[in-house]
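Hello,

Here is the structure I promised to pass on to you. Please have it open while you read the notes underneath.

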Amino acid sequence: MLGLVDAVAARLADPGTAPSVLQTHRQHLAYGPPGIALLHIERAANGLGPWQHAHDWLAAASHGSLTSGPDSHPFYGVPAFAHALACAADHLPGSYQRALDSMDRQIEIDVRRRLDAAHRRIDAGCLPLLAEFDAIRGLTGYGAHLLRRRKPGSPTVRAVLDYCVRLTEPIRHSGEDLPGWWTATGPSGSPDERFHGGHANTGMAHGIGGVLALLALAARKGTAIDGQHGALRTILTWLDRWQEETGRGSTWPYWITRSELRTGRRAGSKLRRPSWCYGTGGLARAQQLAALATGDTERQITAENVLAAALTDPDQLGATTDHGLCHGFAGLTHIAVRTAEDAHPSTVGRLRAAIPGLLTAICPVDDDLERAATALVSGTGAGPGLLDGVAGTALALLAADTAAPPQSAWDSCLLIA
């Protein structure tokens, strides 16, 4: 797969070849230059490409002012650019440090402002918006960035974890006790008549799965705060409650509606793709991380077996229809690689055995590499970016090929490592 990664990187070497990305997504980690820069940063950190390509994409992202304050979030503006810049700076001592220091100060200000607003909301007994806490736009995503950038026990990291603990406490609303992460909107973050009474989102990207992963990752890095293990248990108990058996393994719903909460039963059971953003892929990794953080070997083995089953289930794989990191085969590949690195001896073989099939879904073994690279870059319509596009797919292929953790920690923004 390394040849395919090289061919993709060559097609994405020059920011000038992607004018629409520069115009519409310049500050966006998911779709724009910061995410594309990560591919070149990781290749350079592995000695597989020049640092100049990474610098060119970083320069393209920073051409003009960067958004901070209320209109920014972990995948847009200053925090998004800071993630990419930090991935490069780790391997270029002294480079980018002044810019990173300035952005760190701004991010700390923005996080404190968001935390203050979140605590006021909780004190008032109101329900959160997804964007308050999720991994893409909210405090979970900020927590992932701070955990990577700061010493794990820094005051701001601990403050974010304190908030996450408080988020798991029940909230009384409209005469009912609801999970603290219950939101009054639909999964899009907007009012939705299909979600009368709101929903509890389980996903890694927008739900409590991301919070679980952040609490677990912090604990594994040695940060322990009051209530942290209790919060982990609360989330795990919730996931256990709504776990469904398919006959070939377990799955979790993307969300729970108000009527399902009241009856204690799912209104319908349908196999969905086991992706990073929603579903079994991301949630299995989050539960493995939580089990490793709490020393729960039984749960660890269960989570790893659930993931292995999902990655070989024709029905779940059949529901996966694209190559991207967010909800496609690249995301499943990368989760499998990262989960296998930490897996119990009894399950690691099953996880590693699933990886070749996932890679073949992205690029058949007999495919011409140049043709495959062209198809990935221009044939899918997903664009060149990180989450849905070819840069993210190439990063997952590179990690699978090197069989080692990413040198630049580019995937810390996904909360799977």
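Below is what I found, going from one enclosed helix to some helix pairs and two single residues. One thing to keep in mind throughout is that this is a predicted model.

**A helix on the inside**

A good place to start is helix α8, which covers residues 139-149. Ten of its eleven residues are buried, so α8 is largely enclosed by the rest of the structure. If you want to find them, the buried ones are Leu139, Thr140, Gly141, Tyr142, Gly143, Ala144, His145, Leu146, Leu147 and Arg148. What surrounds them? The buried residues of α8 pack against α5 (78-89), α6 (97-123), α7 (130-133), α9 (155-167) and α10 (208-220).

**From α10 to α13**

Helix α10, one of those neighbours of α8, also packs with α13, at an angle of about 30 degrees and with the axes 8 Å apart. Angles under 35 degrees count as roughly parallel, and α10 and α13 are therefore roughly parallel to each other. Their crossing is left-handed. On the α10 side you will see Gly209, Leu212, Ala213, Ala216, Leu217, Ala219 and Arg220, which meet Leu283, Ala286, Gln287, Leu289, Ala290, Leu292 and Ala293 of α13. Sorted by class, this contact has eleven nonpolar, two polar and one charged residues.

Gln287 deserves a closer look. This residue of helix α13 (residues 280-294) is buried, with a relative accessible area of 3%. Which side chain does Gln287 join through a polar contact? The partner is Arg299, at 3.0 Å. Setting aside residues up to four places away in sequence, Gln287 touches Leu212, Leu236, Leu239, Asp240, Trp252, Arg299 and Ala303. Leu212 also appears in the α10 side of the helix contact described above.

**Two partners for α19**

Next, please turn to helix α19 (residues 390-402), which packs with helix α1 (residues 2-11) at an angle of about 150 degrees, their axes being 9 Å apart. Angles over 145 degrees count as roughly antiparallel, and α1 and α19 are therefore roughly antiparallel to each other. The crossing is left-handed. Leu2, Leu4, Val5 and Val8 of α1 meet Val390, Ala394, Leu397, Leu398 and Asp401 of α19. Eight of the residues in this contact are nonpolar, none is polar and one is charged.

Helix α3 (residues 33-45) is another partner of α19: the two axes come within 8 Å and cross at roughly 25 degrees. That makes α3 roughly parallel to α19. Here, too, the crossing is left-handed. From α3, Gly35, Ile36, Leu38, Leu39, Glu42 and Arg43 meet Ala391, Ala394, Leu395 and Leu398 in α19. This contact divides into seven nonpolar, one polar and two charged residues. Ala394 and Leu398 of α19 take part in the contact with α1 and in the contact with α3.

**One last residue**

Finally, have a look at Ala340, which lies in helix α16 (residues 329-341). Is Ala340 buried or exposed? Its relative accessible area is 5%, so Ala340 is buried. Leaving aside neighbours within four places in sequence, Ala340 is in contact with Val348, Leu351 and Arg352. You can also locate Ala340 relative to Ala308: the two are 32 residues apart in sequence, and their C-alpha atoms are 9.8 Å apart in space.

Enjoy exploring, and do write back with any questions.

Best wishes

Terms used:
Residues numbered from 1 in each chain as written. Predicted model: local features only at pLDDT ≥ 70, side-chain atom pairs only at ≥ 80, totals over all residues. Heavy atoms only, no water. Buried < 20%, exposed > 50% of the residue type's maximum accessible area, 1.4 Å probe, protein only. Helix = DSSP H or I, 4+ residues; strand = E, 2+ residues; numbered from the N terminus. Contact = heavy atoms within 4.5 Å. Polar contact = N/O pair within 3.5 Å; in protein donor to acceptor, adjacent residues only side chain to side chain. Axes fitted to C-alpha atoms, helices over the stretch in contact; angles between N-to-C directions. Parallel < 35°, antiparallel > 145°, perpendicular 65-115°, else oblique. Left-handed = near helix turned anticlockwise from the far one by under 90°. Nonpolar A, V, L, I, M, F, W, Y, C, P; charged D, E, K, R; others polar.
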